[in-house]
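Here are some worked exercises to try with the model open beside you. Have a go at each task before you read its solution.

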Amino acid sequence: MTMASSKKKLEGLVAATITPMTENGEINFSVIGQYVDYLVEEQGVKSIFVNGTTGEGLSLSISERRQVAEEWVTKGRNKLDQVVIHVGALSLKESQELAKHAAEIGADGIAVIAPFFLKPWNKDVLINFLKEVAAAAPALPFYYYHIPALTGIKIRAEELLDGIQDKIPTFQGLKFSDTDLLDFGQCVDQNQQRQFAFLFGVDEQLLSALVMGATGAVGSTYNYLGKKANQMLEAFEQKDFSSALNYQFCIQRFINFVVKLGFGVSQTKAIMTLVSGIPMGPPRLPLQKASREFTDNAEAKLKSLDFLPFTGLKDRNLEACS
């Protein structure tokens, strides 16, 4: 048994954390403690995925990524169940440095995306890259972060998982951020005898993934819709599928609405600021701050769905999710 496999399993909802910034684009470390408390107390979310897509991890310098990781681990101590740090980078050396650092600060796991500029063109090359990163933190559970829409790496997750533990003994599962439920289902189906974590990353389709055997979920909406998603998970576990479906539809109504307005990391920052009251600030270039119009529309929608308290009229909207 490696040390990694004896650690507790990553499951349930995992918030992909936002990196709070000041108006002039510096990281605002001062609100991270408050952010931890908000996730745990208001959303019931006790695990986090740091420096991923939502956290603008690849827009931060290596030194910033280290500081952000350290702050989340420190502030999350005795409050959060698991802190997983995304350490993927285009440079193997940087990725290894971040992995080693994650182990030193006491993170609970590391995750890596496929390098996406000079690309690994087949599964074996990708595994070699991942193996070298994982080896820099031999005591930490290692997760592959599959996000083909952003990396352009179309290597199927199911193929990658075939025999992966022989090459990467610390491999513990993957974050699957793609809508291909054939690929996802086969990841689960062909690894049933292994205790892998199958974490789904498309929030608006989580219920489908649960049916396919997902053991948890990593996503940006769990920052502010975690409570609703947890209700869906609970209903699913109780085999109350019609309630679970209602919760999923409810979440979909919001996501469908914002997707039509243009929904990305910038908009996630704006929504989180609105819902939590904790200032997330603007994103860093090449992203642009969400427009006032977007935020106003999103706020109205959140209120009509009862995700945000209504001030004023007491008649509940027809749209409100029961």
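**Exercise 1. The pockets**

Task: Find the volume of the largest pocket, then describe what lines that pocket.

Solution. Please keep in mind that this is a predicted model.
- Step 1: The largest pocket has a volume of about 590 Å³.
- Step 2: Its lining is made up of 25 residues, and those nearest the centre are Thr 53, Ile 147, Gly 201, Val 202 and Ser 220.
- Step 3: Helix H6 (148-151), S8, helix H12 (241-261) and H13 each give two or more residues to this lining.
- Step 4: Sorted by character, the lining of the largest pocket holds 11 nonpolar, 10 polar and four charged residues.

Now turn to the second largest pocket, with a volume of about 340 Å³. It is lined by 16 residues, and Thr 53, Glu 56, Leu 58, Ser 59 and Leu 150 are the closest to its centre. Here the lining divides into nine nonpolar, six polar and one charged. Thr 53 is thus named among the central residues of the largest pocket and also among those of the second largest pocket.

**Exercise 2. The cavity**

Task: Work out how many cavities of 30 Å³ or more there are, and list the lining of the largest cavity.

Solution.
- Step 1: The count comes to one cavity of 30 Å³ or more.
- Step 2: The space in the largest cavity is about 40 Å³.
- Step 3: Its walls are formed by Leu 10, Val 14, Phe 49, Val 84, Ala 111, Tyr 143, Lys 175, Leu 199 and Val 218.
- Step 4: Of these lining residues, eight are nonpolar, none is polar and one is charged.

**Exercise 3. The annotated binding site**

Task: Which residues does the UniProt annotation "binding site" cover, and do they lie together or apart in space?

Solution.
- Step 1: The unreviewed UniProt entry gives "binding site" for Thr 54 and Val 218.
- Step 2: These positions span 165 residues in sequence, but no two of their C-alpha atoms are more than 10.6 Å apart, so they gather at one spot.
- Step 3: From this set, Val 218 belongs to the lining of the largest cavity.
- Step 4: Thr 54 sits in the loop between S2 and H3. With 11% relative accessibility, Thr 54 counts as buried, because the cut-off is under 20%.
- Step 5: Beyond its close sequence neighbours (within four places), Thr 54 contacts Ala 16, Thr 17, Ile 18, Thr 19, Ser 220, Val 265 and Thr 268.
- Step 6: Val 218 is part of strand S8 (residues 216-219), and at 1% relative accessibility Val 218 is buried too.
- Step 7: Leaving out residues up to four places away in sequence, the contacts of Val 218 include Val 14, Phe 49, Lys 175 and Leu 199. Those four residues also appear in the lining of the largest cavity.

**Exercise 4. The annotated active site**

Task: Where does UniProt place the feature "active site", and is Tyr 145 buried or exposed?

Solution.
- Step 1: The unreviewed entry puts "active site" at Tyr 145 and Lys 175.
- Step 2: The two are spread over 31 residues of sequence, yet they cluster in space, with a largest C-alpha distance of 4.7 Å.
- Step 3: Lys 175 is included in the lining of the largest cavity.
- Step 4: Tyr 145 lies in strand S5 (residues 142-146) and, at 3% relative accessibility, is buried.
- Step 5: Setting aside neighbours within four places in sequence, Tyr 145 touches Phe 49, Thr 53, His 86, Val 112, Ile 113, Ala 114, Lys 175 and Ser 177. The list thus holds the other annotated residue, Lys 175.

**Exercise 5. Helix H2**

Task: What span should helix H2 have at 1.5 Å a residue, and what is the distance between its end C-alpha atoms?

Solution.
- Step 1: H2 (residues 32-43) has 12 residues, so at 1.5 Å a residue the expected span is 16 Å.
- Step 2: Its end C-alpha atoms are 15 Å apart, which agrees.
- Step 3: The buried residues of H2 are Ile 32, Gly 33, Tyr 35, Val 36, Tyr 38, Leu 39 and Gln 43.
- Step 4: A general rule helps in reading that list: an α-helix has 3.6 residues a turn, so residues three or four places apart point the same way.
- Step 5: The buried residues pack against strand S1 (12-16), strand S2 (47-50), helix H3 (62-76), helix H11 (226-237) and helix H13 (265-276).
- Step 6: After H2 comes Gly 44, with a positive phi near 70 degrees.

Conventions:
Residues numbered from 1 in each chain as written. Predicted model: local features only at pLDDT ≥ 70, side-chain atom pairs only at ≥ 80, totals over all residues. Heavy atoms only, no water. Helix = DSSP H or I, 4+ residues; strand = E, 2+ residues; numbered from the N terminus. Expected span 1.5 Å × (residues − 1). Buried < 20%, exposed > 50% of the residue type's maximum accessible area, 1.4 Å probe, protein only. Contact = heavy atoms within 4.5 Å. UniProt positions renumbered as here; feature names shortened; annotations may be inferred. 1 Å grid on protein atoms, 1.4 Å probe; cavity = no way out; pocket = protein on both sides within 12 Å on 5 of 7 lines; lining within 4 Å. Points joined across faces, edges and corners; volume = space filled by probe spheres on them. Nonpolar A, V, L, I, M, F, W, Y, C, P; charged D, E, K, R; others polar.
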